[in-house]
Amino acid sequence: MINTALLSETTADALKKSIKEAADFKYALVESCIVAITDQKGTINYANDNFCKISKYSREELIGQDHRIINSGFHSKEFIKNLWTTLANGKIWRGELKNKAKDGTYYWVETTIVPFLNKEGKPYQYVSIRVDITELKTAKELVIVNKELAFQNNENEKRAEELIIANKELAFQNKEKEKRAQELIIANKELAFQNIEKEKRAQELIIANKELAFQNIEKEKRAEELIIANKELAFQNIEKEKRAEELIIANMELAFQNIEKEKRAAELIIANERLVLRNKVEEKRAKELIIANRGLRKAEDDILKLNKEDIRVLNEELEQKVVARTAQLESANQELESFSYSVSHDLRTPLRAVNGYAKLLEEDYADRFDTEGRRMLTVVQDNAKKMGVLIDDLLTFSRLGRKEVKKSAVNMTALVENALEELHTSQEFKACVTINDLHPAIADTTLMAQVWVNLLSNAIKYSSKNKKPAIKIDSEKKNDELIYSISDNGVGFDMKYVRKLFGVFQRLHSSKDFEGTGVGLALVHRIITRQGGKIWAKAAINKGATFYFSLPGKELN
């Protein structure tokens, strides 16, 4: 009982202390700040003396009103909407507000509005804590005015100095005129004609002085126009700095998007590798099925001895296995198709936005960019185009794994000539291409066309820096294999990196020297291997390169 009493007394003391501290905090806040409390609709139900003092409204005039009573009309609708959106989401809003007092004067306050939330997380009242910063704002404006006034004073002093120099010059001229006048008094009447001439010259001097005065007025006008032009130039410089900051932010966003795209591309590669593995497993199972069928054919005599019911059961089991394997393969293909579409959509949507905004900048703000700004805009557009090409190549690479191979007789010489003609229509090149009679083959015509286009594009690109680029295409038949080759006299490559040659995104040369995505040779490798062939290359640095690929020759026989 004693312990319980002591505990109750201790709790009561702690509660009194907490109440005292809360009261002290409230007193300090109310005495030092401008405080108002409103309900969830913004209606004022409490205003302290500081609020009444600065707004010049009595407490009775404020209670029951909302803050529109002190709205100055200075802030935009978007500004006010953002304020209320922040509070409605249960977040604290901080900022500077310009308000209007009852007598029509304006004042600035540094404002913090804190929403009080109910159990559901919705605001049921708001506490507004303000600090008067009118003098600080006025001081900042005064500094700007003083700087402008100092600039004008400097200009006035310059004009005053110029006026003093002009007056000295005029005084000197007056002294000279007085000397001439004295000479005229001393001169004889015989010089009357000369005096008349001097008077004419004096009149001309008056006209000249008027002209000089007019020119001085024009100079002042030009000086005023120059001041206006300098202000306009300063404004344009500020705008350029803003655009540069926005462009930096856009580049950072683009870099982030490129990182995300690389992640998606890596996921696509992993998915493709998984599909290749699944296809290999399915091919292995198909081979096992063929072997099983052959075994069944060999055991045909034994099967004939079985009764019809046993044969029916065996056939049903075999059909179920084929259906199950086919369903697994179709599921894998659908999964990759869905993933490819998702990647295409996810990567292209932000890419279209980047292209669109870059085009708008180029059309509407090109005249405001300096040389560096235009260069950076060009870099953004070029990289967006490269990303588009990379997406197309990735999708082509992914679709290739599930495209059905349709073999038929292929005229390789005609296929190469068509590929060259296609390349001629899309680009200019000066390479001399020699095509020997090529062996025909049994292969997929569409896929082999893609092989020749990619290999020819590579040969043209990497031999383009040679003064006399040359490309040779040949074929031979060896041990039931058809071997085709394409040679160039370009930059070649180091053979110790040959294993990287046919991997996705693997490049042996800098993109600054030669453009490309690193997907073309990977496509060629996949096409050739899917048709039962092989591909390899030989090269030396600055001595050209030769790419070889083989196709089965037995099918042709």
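This text goes through a predicted model, from the whole protein to one of its sheets.

The protein contains 12 helices and 12 strands. Of its 557 residues, 27% count as buried. The surface that the protein exposes comes to about 38000 Å², with 55% of that area supplied by carbon and sulfur atoms. Among contacts in the protein with a separation of 6 or more, 62% are between residues 24 or more positions apart.

The sheet comes next. Strands of a sheet pair through backbone hydrogen bonds, in either a parallel or an antiparallel way. Here, five strands form an open sheet in the order β7-β9-β10-β12-β11, and the pairing is mixed. At its edges lie β7 (432-435) and β11 (534-539), each of which pairs on one side only. From one strand to the next, the twist averages 15°.

One strand pair can be followed in detail. Strand β11 is joined to β12, residues 545-552, by six bridges, and these two strands run antiparallel. Within this pair, Trp536 has Tyr548 of β12 as its bridge partner.

Two helices pack on the sheet. Helix α11, residues 445-462, touches β9 (470-478), β10 (481-488) and β12. The direction of α11 makes about 170° with that of β12. Helix α12, residues 520-530, packs on the sheet through β11 and β12, which it touches. The direction of α12 makes about 140° with that of β11. Strand β12 is thus touched by α11 and by α12, and β12 is also the strand that six bridges join to β11.

Methods:
Residues numbered from 1 in each chain as written. Predicted model: local features only at pLDDT ≥ 70, side-chain atom pairs only at ≥ 80, totals over all residues. Heavy atoms only, no water. Pairing = 2+ DSSP bridges. Helix = DSSP H or I, 4+ residues; strand = E, 2+ residues; numbered from the N terminus. Axes fitted to C-alpha atoms, helices over the stretch in contact; angles between N-to-C directions. Contact = heavy atoms within 4.5 Å. Buried < 20%, exposed > 50% of the residue type's maximum accessible area, 1.4 Å probe, protein only. Areas by Shrake-Rupley, 256 points an atom, 1.4 Å probe, with all protein chains shown as cover.
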